[in-house]
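This report considers how strands pair into a sheet and how charged side chains meet across a chain. The structure is shown below.

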Amino acid sequence: MFPKKQSKDHKAATYPEKVSILAAGMQITGDIVSEGDMRIDGLVRGNVFCKSKVVIIASGKVIGDVKAVNIDVHGTVEGNIAAKELLCLKANCKITGNLNTEKLMIEPNAIFNGQCVMKGAQKSASVVNEEGEVLLQEH
């Protein structure tokens, strides 16, 4: 009835235009794993693993860890957050847990209680005198 398209690429398909939505009023108990973007408006009692972007809306709450490439938090997270690239803590969000990210953006009025580890390329600097001797080296 519908012709199938044959694909020569056997890699896992990614759907950047598709978003999985956990609507307000919905509750999930257990871990969530997603290949595409996710939007959480409801309650998740478990861990969230995403290979793309996770957005936790103001009404959204996660009681568990969140791990994704990019994460925007407008709501509440009670657990650790790990963003491979960018983590945005929006105004009025509430985070209780540790953060691990490469880039971090925190808006005024965001609440964060925990520790933060910024990963990324370590830069070193040296102070060298005129003879080329290293006087001070920072890592």
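Strand β2 pairs with strand β5 (residues 43-45) in the parallel sense, over three bridges. Two strands are said to pair if DSSP finds at least two bridges between them; strands themselves are DSSP runs (E, at least two residues), numbered from the N terminus. Within this pair, Gln 27 stands opposite Leu 43 in β5.

The model is predicted: local features need pLDDT of at least 70, side-chain atom pairs count only at pLDDT 80 or more, and totals for chains, interfaces and linings use all residues. Residues are numbered from 1 along each chain as its sequence is written, and side-chain values use heavy atoms, with hydrogens and water left out.

**The sheet**

The pair β2 and β5 belongs to an open sheet of six strands, in the order β2-β5-β8-β10-β12-β14, with parallel pairing. Because β2 (27-29) and β14 each have a single partner strand, they stand at the edges, and one side of each is left without a neighbour in the sheet. On average, neighbouring strands of this sheet are turned by 5° against each other, direction ignored; the axes behind such an angle are lines fitted to C-alpha atoms, and angles run from 0 to 180 degrees between N-to-C directions.

**The salt bridges**

A salt bridge is a side-chain nitrogen of Lys or Arg within 4 Å of a carboxyl oxygen of Asp or Glu. By this rule, five salt bridges are counted. The table gives three of them, including their N to O distances.

| Acidic residue | Basic residue | Distance, N to O |
|---|---|---|
| Glu 35 | Lys 51 | 3.4 Å |
| Glu 78 | Lys 61 | 3.3 Å |
| Glu 107 | Lys 90 | 3.6 Å |

What does the salt bridge of Glu 35 and Lys 51 tie together? Glu 35 lies in the loop between β3 (32-34) and β4 (37-40), and Lys 51 in the loop between β6 (48-50) and β7 (53-56), so the pair ties together parts that are 16 residues apart in sequence.

The salt bridge of Glu 78 and Lys 61 links distant parts of the chain, 17 residues apart: Glu 78 is in strand β10 (residues 76-78) and Lys 61 in strand β8 (residues 61-63).

Accessibility is described in three classes: buried (under 20% relative accessible area), exposed (over 50%) and partly exposed (in between), with a 1.4 Å probe and protein chains only. Glu 35 has 37% relative accessibility and therefore counts as partly exposed, whereas Lys 51, at 60%, counts as exposed. Lys 90, at 15%, counts as buried.

Key. Helix = DSSP H or I, 4+ residues; strand = E, 2+ residues; numbered from the N terminus.
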